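Hi everyone, thanks for coming. Please have a look at what is on the screen, and I'll walk you through a few parts of it.

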Amino acid sequence: MASDTLLLKVSETVYGAPAQFTVSVDGKQVGSTYQTTAIHGWKSDTVTLTGDWDKGEHTVQIKYLNDFRDAGGDRNLFLDSAIYDGVAVPGARLNMWSPYDPNTFKVTDTTALAPATSVPPPTTTTPPPTTTTPPPTTTTPPPSTTEPPPSTTAPTATTDTLVLKVSATVYGAAAQFTVSVDGVQVGGTYQTTAMHGWKSDTVTLKGNWDSGDHSVSIKFLNDFKDAGGDRNLYLDSATYNGVAVPNAKLDMWSAYDPHVFKIVDTTALTTTPPPPTSTPSTGTETPPPTTTTPSTGTETPPPPTTTPSTGTETPPTTTTPSTGTETPPTTTTPSTGTETPPPTTSTPSTGTETPPPTTTPSTGTDTAPTTGAPDHLTLRMSEQAYNNIHAQFTVTVDGKQIGGTYTTTANHANKASETFDIAGDWGPGTHQVNVHFTNDAYGGWSGADRNLYLDGARYNGTEIMGVAKAITGGTTNSDANFTFTEAAATAPPPVTTTPTPTPGTTVNHDGLTDLNVLIRGQSNAFLLDQQGGDDILKAELQKALPGVKINIIDGENKTEFSGTAFTTWDTNGQQKKMHDYLKSLPADIRDNETITVWMHNETDQGIYGLTTAQWKQEVQADAAAIREIFDNQTAESTPYLFVPIRYPYGSSFPAIRQGMEELSTDSNFNAKISWVAYGPNITMTGGPETGPNGSHIGGSDSATIGRDLAAPVLDLYHAIA
């Protein structure tokens, strides 16, 4: 039986698709293909692997599967840390900027293997589902790429195998689809993030089809296109019972494009009925059983029969993931802190309109607060309406529904959100929240689809990080789950009195009632200022920190200088202009805690041969001067937040990125990295290049960056509070 547990903390720099990888111990792969969507330098996903490894030293290898880099960006994978049997693993920190970078580390086991009569390690076998009688412990089941049927049905019932190779052009979200044979859907909703023209994901379907011709239909569920991009789905090829299917190649640029092809079966039906579901494989998703407690970022390893889940999961719970070479695990559970399966009471969507509940719909203020309730959970919700009916939802805390059915009318496409105040009296400890989408509907294409969006949440005025989720409905995505924590005791109020200074020193006279946010950089920092992104950041911070005065310090030719390299600011006059401006600020501003938000300079990225040491030296000298101006404060009260920008040119970003990473791990400097301006949701349509992925952010990018920067800035605020 599994007696050892290896926890990996992983993150990535995302570009186009999540970073994917496999894990091996002593050359033997453990589990299937995993992925991470955690932004490196800000948060980590957790992958939990279980096994029974012998006493002594073992080699763990992480195989980075989908490295990609072009002029638009660079996808990388990072191992941030590892824990083996509850003990931190020294040296378990890897930067995998390509498949050739170091990808191994060592773990040491202190216990011998279990006796020979125990069940073999789960990494090479696939036990049947919990509804079947397990094999005797003295028999080793052979390795297999598919699970036995989820009942006592003989395995001969599944006689046919249809393998689809699919890919996508990803825009905003993975391409999602269903598959039907002769009009009968096989399995659940699948997705692909494989980049078309470069690689394909594999979907394996099992069934028992009669001899003759059969029609296979692929229904593209979430087609989307706007000025920023176009999401498409492709069938690259298919095999049926090991034979290539002629003409199985479809370009689904919309829900109306051809999506049907034929297969020919040469064997009659077996007498045993086929299994009820099929085996999808996209290398990314498999939801855990409905009884598994959803992960919230701080994951307790689930029971050993949980199926791994690594992203936006949609396949049915009885299917087995297959990515080509990987044997799927049955006792390991990767958890990314983002996905949460619907509770067992959720009603799956069938695409048929269900009459709305009899409860009174919300108008934005529709909560059922408890009289005198001291606690407030605030949800920001939006929707995509369909058929003149708005998205509705219920809210439960610790399994108890609060209020009735709420309705949001805020248009998600217009970046609007509607606030719902859920009042209650919750005791100390961690509490589980479920937001359930009650009236999903789908009319066959992306414009005829009702969806619900959880845009954010706060508890008693404090932002809850990482809760945003698109709730698109169906059997696998009708819920958002997250937690909040009630402190055991109320924290003391912020100090507002002026401490007596020690002779020869300076002090922060305002304590934490004032916070400066200093915006730095060149053109894109100026555009964030000019296009209102800094105002959105300030508004978000003010909402999360009531009673704290937020001072945004920025301005062109003051803290932002267009068309310049930061590394030459000290010689070309920009640094002196900035120092003169900062010194002119009132004393009650300069003595505040100050978070410097630095949107990295594109001109630095274009300097051929720029080294990490050169860039770091400039940053450290600059920071020392800034901290001196801000009342001689230390790094502890004046942290830096590095914000990389996805520029389409220049060869020196790896050196700059490494500098950011090194400074973010240097406690004497005090810095973090936020990748909110680097992901595929940032279109970079501000020119001068035509179309997306240019050099400058546009108005929508500014709004997105300003809103999303609030979370990492709040993290730094709480760290210095």
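Let's start with an open sheet of five strands, in a model that is predicted. Reading across, the strands come in the order β35-β34-β36-β37-β38, and their pairing is parallel. Which strands sit at the edges? They are β35, residues 549-553, and β38, residues 671-673, and each of these pairs on one side only. On average, neighbouring strands in this sheet are turned by 20 degrees against each other, if we ignore direction.

Now zoom in on one pair. Strand β34 covers residues 514-521 and β36 covers residues 593-599; the two run parallel and are joined by seven bridges. If you want a spot to find on screen, look for Val517, which stands opposite Ile595 in β36.

Next, the helices that go with this sheet. Helix α7, residues 612-629, lies across β34, β36 and β37, and runs at about 140 degrees to β37. Further along, helix α8, residues 653-664, lies across β37 and β38, at about 135 degrees to β38.

My favourite stop is helix α4, residues 574-583. Which of its residues are buried? Those are Gln574, Gln575, Met578, His579 and Leu582. Looking down the axis of α4, we find these buried residues within an arc of 130 degrees, so they line one face of the helix. Over on the other side of α4, Lys576 and Lys583 are exposed. And what covers the buried residues of α4? The cover includes strands β34 and β35, together with helices α3 (569-572), α5 (587-590) and α7.

Let's move to another pair of strands. β23, residues 375-384, pairs with β27 in the antiparallel sense, over seven bridges. Here you can look for Leu377, which stands opposite Ile422 in β27. Strand β27 itself, residues 418-424, is mostly covered, with five of its seven residues buried.

Finally, let's step back to the whole chain. It has ten helices and 38 strands. Of its 721 residues, 53% are buried. Take the contacts between residues at least 6 apart in sequence: 76% of them join residues at least 24 apart. As for the surface, the chain exposes about 30300 Å², and carbon and sulfur atoms supply 55% of that.

That's my tour. Thanks for listening, and I'm happy to take questions!

Conventions: Residues are numbered from 1 along each chain as its sequence is written. This is a predicted model: local features need pLDDT of at least 70, side-chain atom pairs count only at pLDDT 80 or more; totals for chains, interfaces and linings use all residues. Side-chain values use heavy atoms; hydrogens and water are left out. Two strands pair if DSSP finds at least two bridges between them. Helices (H or I, at least four residues) and strands (E, at least two) are DSSP runs, numbered from the N terminus. Axes are lines fitted to C-alpha atoms, for helices over the stretch in contact, and angles run from 0 to 180 degrees between N-to-C directions. Contact means heavy atoms within 4.5 Å. Buried means under 20% relative accessible area, exposed over 50%, partly exposed in between (1.4 Å probe, protein chains only). The arc is that of the directions from the helix axis to the C-beta atoms. Accessible areas come from the Shrake-Rupley method with a 1.4 Å probe; for residues, only the protein chains shown count as cover.
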